[in-house]
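Subject: Structure handover

Hello,

Here is the structure for your files. My notes follow below it.

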Amino acid sequence: MSLLEIEKLEMRFGGLIALKELDCSVEEGEIFTIIGPNGAGKSTLFNIISRFYDPFGGAIFYRGENLLRRPSHAIPRLGIARTFQNIELFEGATVLENMLLGRHIRRQTGFLSELLFLPSARREEEAHRHKAEEIMDFLKLEAYRDQRIANLPYGVRKIVELGRALASEPKLLLLDEPSSGLNAEETRDMAFWIHDIRDLLGATILLVEHDMTLVRAVSDRVLALNQGRALALGSPAEVSADKAVARAYLGEDA
Amino acid sequence: MRALLKTAYAQDIRLFRYGGTGRLVCGLLFYAALLVIAPRGFLTAWGACLYALAFGIILLRRDSQDEGGSAAFWYGLLGVALLSAPLLADDYAVSQLSFVLTYAIAGIGLVLLSGQAGQISLGHAAFMAAGAYTEAILHNAGAGLLVSLPAACLVAAALGVLVGLPALRMRGIYLALATYAFAFIVEEILARWETVTGGNQGLTMDWPRLVLPGVSYGFESEREFYYLVLGVFAAALLAALNLMRSATGRAFQAVRDSEIAAKSMGVNVAAVKTTAFTISAGLTGIAGALYGHLLFTITPEGFTIFLSINLLLMIVVGGMGSLHGAVFGAIFLVVLPQLIASFRDLLPPALASQSGIESGIFGLIIILFVLFEPDGIYGRWVKIRAYFDLFPLYRKGSFRRQRRTMASERDR
Ligand SMILES: Nc1ncnc2c1ncn2[C@@H]1O[C@H](COP(=O)(O)OP(=O)(O)OP(=O)(O)O)[C@@H](O)[C@H]1O
Ligand SMILES: [Mg+2]
């Protein structure tokens with residue numbers, strides 16, 4: 001059984017067809033990349049998995065369980081974390097607080113013990129902070145630890161958002177264009193991190209990415225989408241050699 | 001460098017980063033016990049000062065060499081001053097101080113709701129009213145504080161759940177209007193349901209009683225009641241601080257900053273908003289109960305939209321980024337009308353006799369704060385302190401002005 005199975009997924013916005021009978025499956029432990037021109041429906045797919053959008057038809061199974069039956073706030077609890085194409089951080093909070101919010105689903109103590117800050121609450125807070133600190137270490141964010149997001153440059157925010165997603169210790173990580181807005185060096189770091197996240201943290205990664213160098217460097221398999229339809233699926237080399245894909249990117253009519 | 005930073009994370013969750021909480025609490029409790037045990041007149045103003053000095057030097061100043069100085073030291077002095085106030089000040093001043101602390105309790109509730117969770121409310125007068133009327137009814141029926149105060153909290157909190165419902169669908173100005181409408185309904189009910197609320201005549205209540213199994217203690221004066229208010233305030237403050245340093249407080253912040261990101265982190269946005277309204281209403285209900293005792297007579301006119309606006313004004317002026325703001329705002333709310341009254345004599349008589357002058361000045365002050373100091377008095381205080389700390393290095397840009405949002409206008 002695949003980790004994530006998408007069956008005949010269909011999404012429309014008014015008359016616009018954003019996804020058309022999309023089928024694909026992501027295996028445990030792989031780095032699966034979705035590419036496609038603007039408006040292909042990549043982010044839409046992420047938003048359906050996050051349950052922000054209700055699809056028109058089709059189903060999504062995660063470890064055999066139908067995701068569409070769950071509300072959006074229940075998705076992270078299944079072990080699915082994500083980042084956003086346009087960065088959705090908690091702007092008024094510090095980097096550390098953002099990391100800690102990433103651990104929200106890991107909270108164990110109840111409201112009452114927090115109100116009294118019982119030893120159990122203190123222990124849990126310390127454990128969360130320990131974990132957050134580990135992740136900031138991993139992503140070289142220590143220097144920004146106590147800064148508010150509103151004061152950080154774009155590239156750093158992008159990495160903070162990755163960190164926040166990692167803080168929840170996900171099994172499946174959805175990254176929507178992690179390299180957009182990063183410079184060449186930061187993009188190279190990102191490639192290393194993506195590998196490390198899979199190899200060291202054991203997360204499966206579903207990636208949306210435009211930067212083909214990054215795609216080639218990290219992906220096990222690539223799916224090309226155009227106007228909501230799957231064009232090609234295979235290794236990075238196979239997909240970039242595909243004629244239909246080239247046509248879609250160059251915008252010629254089929 | 002890293003080792004230095006890494007040790008800091010256990011400190012972050014302390015109330016005082018550089019320690020001293022335990023000593024602070026012990027010292028204050030000891031002093032409170034002294035006040036209770038010592039014969040009347042034994043502890044005079046001079047005694048209080050002496051104690052404060054000794055307390056400060058022995059218990060707290062010990063670690064003043066620590067980086068950042070000892071915040072606990074200053075709060076300790078403040079605590080001694082608050083505990084000593086009834087020894088030093090006259091009845092009137094003590095009752096004004098009780099009003100400050102009572103407003104501050106409601107202010108804490110509002111800071112949690114508006115500053116922390118980003119939800120606006122123009123309905124807090126209704127929670128005050130719910131608390132005050134519940135307290136009055138139970139008190140007059142002979143119940144002790146340990147029953148009536150929690151009941152006042154619960155009734156207000158239940159109303160808070162109700163008001164939280166529109167918050168699940170609305171935000172910003174629409175939420176303000178919905179909460180306002182709710183407060184208006186409550187006000188009408190208070191005026192019309194005469195058998196229970198006494199209608200426009202209202203209800204009267206005297207000082208409360210503390211009934212424990214075996215013992216019964218009746219508060220008898222302004223001064224004694226002040227200690228009750230102080231105790232409740234301290235408990236509310238501590239509870240709020242605890243919430244803000246744990247997952248619930250962070251979830252509030254998440255909902256304020258980005259609902260969509262909050263959801264994607266597994267925060268149940270609807271539940272968090274409801275919780276925020278419930279806690280805020282509960283605290284305000286407690287404040288309302290104390291407020292009722294301070295006023296002696298409560299009528300629907302005491303709980304109109306003007307009270308809601310005053311409460312909101314309090315945290316806007318005080319600063320809703322921090323619980324300090326609630327306290328600064330409460331001081332402001334009590335002191336300003338008196339300042340206005342005393343300045344009235346200086347104004348030309350034609351102007352001074354105008355009735356709306358007080359609300360006018362209040363309004364003007366809100367506008368000035370929103371325009372020039374969105375972080376409130378507390379924000380200004382932080383800046384002044386930074387100026388002296390950094391002295392030759394302080395530059396205007398040291399504090400970049402941050403966009404202060406009520407709940408995010410973005411959704412998705
Ligand atoms: N909330 C929405 N309402 C209406 N149309 C939408 C909405 N979200 C997406 N769309 C449309 O659906 C199509 C697919 O959008 P999507 O954001 O998934 O593209 P994408 O593949 O992520 O593109 P990009 O590379 O630009 O991020 C686009 O035509 C877009 O305009
Ligand atoms: Mg996209």
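Start with a salt bridge inside chain A. Arg103(A) pairs with Glu169(A), with the closest N and O atoms 2.8 Å apart. A salt bridge here is a side-chain nitrogen of Lys or Arg within 4 Å of a carboxyl oxygen of Asp or Glu. The two residues are 66 apart and link distant parts of the chain: Arg103(A) sits in the loop between H2 and helix H3 (111-115), Glu169(A) in the loop between helix H5 (154-167) and strand S7 (172-176). Helices (H or I, at least four residues) and strands (E, at least two) are DSSP runs, numbered from the N terminus. Arg103(A) is buried at 8% relative accessibility, while Glu169(A) is partly exposed at 33%. Buried means under 20% relative accessible area, exposed over 50%, partly exposed in between (1.4 Å probe, protein chains only).

Conventions, briefly. This is a predicted model, where local features need pLDDT of at least 70, side-chain atom pairs count only at pLDDT 80 or more, and totals for chains, interfaces and linings use all residues. Residues are numbered from 1 along each chain as its sequence is written, chains are lettered from A and ligands numbered from 1 in the order in which they are written, and side-chain values use heavy atoms, with hydrogens and water left out.

More salt bridges

Over all chains the structure holds 23 salt bridges. One of them joins Arg223(B) and Asp91(B), at 2.8 Å from N to O. Arg223(B) is in helix H11 and Asp91(B) in helix H6 (residues 91-116) of chain B, so this pair ties together parts 132 residues apart in sequence. Arg223(B) is partly exposed at 26%; so is Asp91(B), at 39%. In chain A, Glu10(A), Arg12(A) and Lys20(A) form a salt-bridge network.

Glu125(A) also bridges to Arg129(A), at 3.2 Å between the closest N and O atoms. Both lie in helix H4 (residues 119-138) of chain A, 4 residues apart, about one turn of the helix. Both are buried.

The interface

How many salt bridges cross between chain B and chain A? The rule finds 1. Arg250(B) meets Glu125(A) there, at 3.0 Å from N to O. There are also 9 residue pairs in polar contact, both residues at pLDDT 80 or more. A polar contact is a pair of N or O atoms within 3.5 Å; within protein, one must be able to donate a hydrogen and the other to accept it, and residues adjacent in sequence count only if both atoms are side-chain atoms. On the side of chain B that touches chain A, H12(B) gives the most, with 8 residues.

In contact (heavy atoms within 4.5 Å) are 37 residues of chain B and 40 residues of chain A. The two chains bury about 3,800 Å² between them, 58% of it on carbon and sulfur atoms. Buried area is the accessible area (1.4 Å probe) that two parts lose on being put together, summed over both.

Magnesium and one buried serine

The magnesium ion (ligand 2) has protein donors Ser43(A) (OG) and Gln85(A) (OE1), 1.9 to 2.0 Å away. Donors are N, O and S atoms within 2.8 Å of the metal (3.2 Å for Na, K and Ca); water is not among the atoms, so sites may look incomplete. Ser43(A) is partly exposed at 21%, and Gln85(A) is partly exposed at 27%.

In chain B, Ser308(B) is in helix H15 (residues 305-318). Ser308(B) is buried at 2%. A polar atom of its side chain lies 3.0 Å from the backbone nitrogen of Ala125(B).

Best regards
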